[in-house]
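Hi everyone, thanks for coming. Let me put the structure up on the screen, and then I'll walk you through a few parts of it.

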Amino acid sequence: MKLKSIIAATAATVGLTVGAMAQAQEVRIGLLTTLTGPLAALGQHARDGFALAVEEAGGKLGGVTTKVMVEDDQLRPDVAVQLATKLAEREKIDILTGVIFSNVAMAVVKPTAENRVFFISPNAGPSALAGKQCSPWFYSTAWQNDQPHEAMGAHLQAEGVKKVYLVAPNYNAGKDALNGFKRSFKGTVLGESYPSMNQLDFAAEISQIRAAKPDAVYVFLSGGMGINFTRQYAQARLTGEIPMYSAFTVDAITLPAVGEAAVGTFQSNLWNEDLDNAANRRFVAAFKKKYDYLPSNYAAQSYDTARMIDAALRATGGKINDKKAFAAAMRNVKFDSVRGPFAFNSNNFPIGNFYLLETIKRADGKVEQVTRKTILTGAKDAYFGECRMEGL
Amino acid sequence: MSLIFEQLLNGLQFGMMLFLMASGLTLVVGIMNFINLAHGTLYMAGAFFAVTFQLLTGSYLAAVGLAVASTALLGLLIEFLIAQPLYKRDHLDQVLCTFGIILFLNELARVIWGSAPLRMDAPVWLDGSVDLAGIAYPVYRLAIIAVSAAVALALYVVITKTRLGMLIRAGASDRTMIVGLGVNIQLLYGLVFAVGAALAALAGLLAAPLLAVQVGMGDHVLILTLVVVVIGGVGSVQGALLAALLVGVIDTVGRVTLPTGFGNIVIYVLMAMILFWRPRGLFPSNA
């Protein structure tokens, strides 16, 4: 009896020691993002933002040696599942991050949860994961996808705009976006246009908008579509006539390609380069210095993600093997976000601010976005009520 | 009323852009019997070259000339290195290989120009709009119509009135026969490929001020171009013109008049209908 308990005690001690050593060794992070294809710039920003935060922490997030493995999801859910599974099973990652697009996020939610890997999304925030399919393994550090649209709807409502015309691509996220907008905008929608994905020329839609004579036009067209639309809208001389509001359309990545055509248009976002807080000033300066290009919100969100992991690891004393303790540390994480105030809601999505940005041309000819006001303070997404969060 | 007129003008302009792409591709497919999926990549190359040369020379016209010439050279290079050995192989091999060119050149463009989209501005003298029956229409879009119409006219003259055009038509209707008659088919192929590349580059750089210049920009244009080539009849420039205008106008009008979803498929319905009644397209070159 005595012998047995000694053996058990020894085994437990050895087990603990080995466990503690493993914990003290390193935290392993898979950064799965989009690095090829037309939208590769977004993934590049996410990768660089994350790397900057790891570098600032001296390669040790939360004081623990941090190993980041970067993979390219090619914006293909099937590829993403394979890579996530490989990272989880073979590379034994503790955390998966980097995912920009919602279809990729939906695909890797299952393989990460099954392997008891935390999936911390720096951008993708599909409604399912904020609501019915919320999971203790999933965190979003940016937004629920509808939120920037809700913010702009709220802004136009507050401004007393009566009639709008809406444009979004003809796929699920496009419809979700405009529904999000209409959730907070109560005026008249004169028309909705759903051009097909990757449509190049918007002359037809722009002619319709001109003829409809709305007070404002609201546009959600990401990547190249947004660049094309904004430029063609300006070429049609409509920017001054019918103000253009947008989200995910004009940002730090697309702005150089849009150029002066974006001047005088408004955007909603959770972050901007000029946000006046210490963390952001430091981030923007360090990012420009290290990479020699301007950060976008994607870089900022990914930078925030790394610094959030850093803070959570500090709270657990650098341990991530105790998943429950790390999850608790994440939910209550305290860190200086570059976006301003930050906290997690009950569905592991953020409670944060949304800002109104205007694109202007400075006296020296440089086109840039400036923050005009805070539209929403401490905004929560529309789906958290549907989430019944389970324990780990 | 003026809205309908404006939309027709939009359709015409879109159709003329498609024609620039389709005229080159229909010659390559028709004369060489070579399926060139990389045609869209040449469109992208034209836009990237134009942006670069505009930065280097500071002149829009010089950039246009240099970009068209460089893309024609790139086309010749592709023809010499990759297409030539594939002429005798079946279409599947050609599709696989030219698809490989798309992937390769897309990544090469990313290495050279980066993944962030670039911008090309229209020259100041084409900026602005003119009043057409009460609508302010962008001058640049009218310029696209004018340039494309000039190209169409030039192609018409070359193809119907010159010896070269006769050879091209002969090549499109019976390749074996013109080889048998002692025509230097190698030279003809190289020339047609280069002209096709130049036209694609022209389409790409004309579109550049309207669009984001970025990796993969040619891939979506390629699909519409193939639709135009098939509707027009492979090998027929005349067919390509008619089909391009048809697709441009029907797509534009369909998008704004039909319910969401239907507008986007209307040209594919058109293609299916035309192929049902005329399986070889509107103007088959070797009928």
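Let me begin with a question: what covers the buried residues of α7(A)? Keep that in mind while I say what we are looking at, which is a predicted model. The scores are ipTM 0.78 and pTM 0.84.

Back to the helix, then. Helix α7 of chain A covers residues 172–184, 13 residues in total. At 1.5 Å a residue it should span 18 Å, and its end C-alpha atoms are 19 Å apart, which agrees. The buried residues in α7(A) are A:G174, A:A177, A:L178, A:G180, A:F181 and A:S184. Because they cover an arc of only 150 degrees around the axis, they sit on the same side of α7(A). And here is what I promised: the cover over those buried residues includes α6 (147–158), β7 (163–167), β8 (188–193) and β9 (216–219) of chain A.

Now please scroll along to another helix of chain A, α11, at residues 278–291. For its 14 residues, 1.5 Å a residue gives an expected span of 20 Å, and the end C-alpha atoms are 20 Å apart, which agrees. Buried here are A:N280, A:F283, A:V284 and A:F287. Their arc around the axis is only 95 degrees, so these residues lie on the same side of α11(A). They pack against α2 (40–56) and α12 (297–315) of chain A. On the face turned away from that buried side you'll find the exposed residues A:A278, A:A285 and A:K289.

Just past the end of α11(A) comes A:D292, with a positive phi of about 65 degrees. That is a positive value in a residue other than glycine. A:D292 belongs to the loop between α11 and α12 of chain A. Buried or exposed, then, for A:D292? Exposed: there are 7 other C-beta atoms within 10 Å, and the cut-off for exposed is 12 or fewer.

There is another residue of this kind to point out. A:Q74 has a phi near 55 degrees, again positive in a residue other than glycine. This one is in the loop between β3 and α3 (77–89) of chain A. A:Q74 counts as partly exposed, because it has 17 C-beta neighbours inside 10 Å.

Since that loop follows β3, let's turn to the sheet. In chain A, 6 strands form an open sheet with mixed pairing, and the order is β2-β3-β1-β4-β5-β6. Which strands stand at the edges? They are β2 and β6 (138–140) of chain A; each has a single partner strand, so one side of each is left without a neighbour in the sheet.

Let me show you both kinds of pairing around β3(A). Strand β1 (residues 26–33) and strand β3 (residues 64–72) of chain A run parallel, joined by 8 bridges. Within that pair, A:R28 stands opposite A:K67, and A:G30 is opposite A:M69. On the other hand, strand β2 (residues 60–61) of chain A runs antiparallel to β3(A), with 2 bridges between them. There, A:L61 has A:V64 as its bridge partner. β2(A) and β3(A) make a hairpin with 2 residues between them, and A:G62 in the turn has a positive phi of about 65 degrees.

Next, the contact between the chains. It takes 33 residues from chain B and 29 residues from chain A. On the chain B side, the elements that each supply at least two residues are α1 (2–32), β2 (135–138), α5 (139–161), α9 (217–232) and α10 (237–257). Of these, α1(B) gives the most, with 6 residues. By class, that side of chain B has 15 nonpolar, 12 polar and 6 charged residues.

Last topic: confidence. Chain A averages a pLDDT of 92, and 94% of the residues score at least 70. Over residues 13–23 of chain A, though, the pLDDT is below 50, and beyond near neighbours in sequence this stretch has 6 contacts in the model. Where pLDDT is low, the predicted coordinates should not be read in detail. Chain B averages 90, with 99% of the residues at 70 at least. Among the elements of chain B, helix α2 (residues 39–57) has the highest mean pLDDT, 96, and helix α7 (residues 175–180) the lowest, 82.

That's the tour, and I'm happy to take questions!

Definitions and conventions:
Residues numbered from 1 in each chain as written. Chains lettered and ligands numbered in written order. Predicted model: local features only at pLDDT ≥ 70, side-chain atom pairs only at ≥ 80, totals over all residues. Helix = DSSP H or I, 4+ residues; strand = E, 2+ residues; numbered from the N terminus. Expected span 1.5 Å × (residues − 1). Buried ≥ 20, exposed ≤ 12 C-beta atoms within 10 Å, placed from the backbone. Arc of directions from axis to C-beta. Contact = placed C-beta atoms within 7 Å. Nonpolar A, V, L, I, M, F, W, Y, C, P; charged D, E, K, R; others polar. pLDDT = per-residue confidence, 0-100. Pairing = 2+ DSSP bridges.
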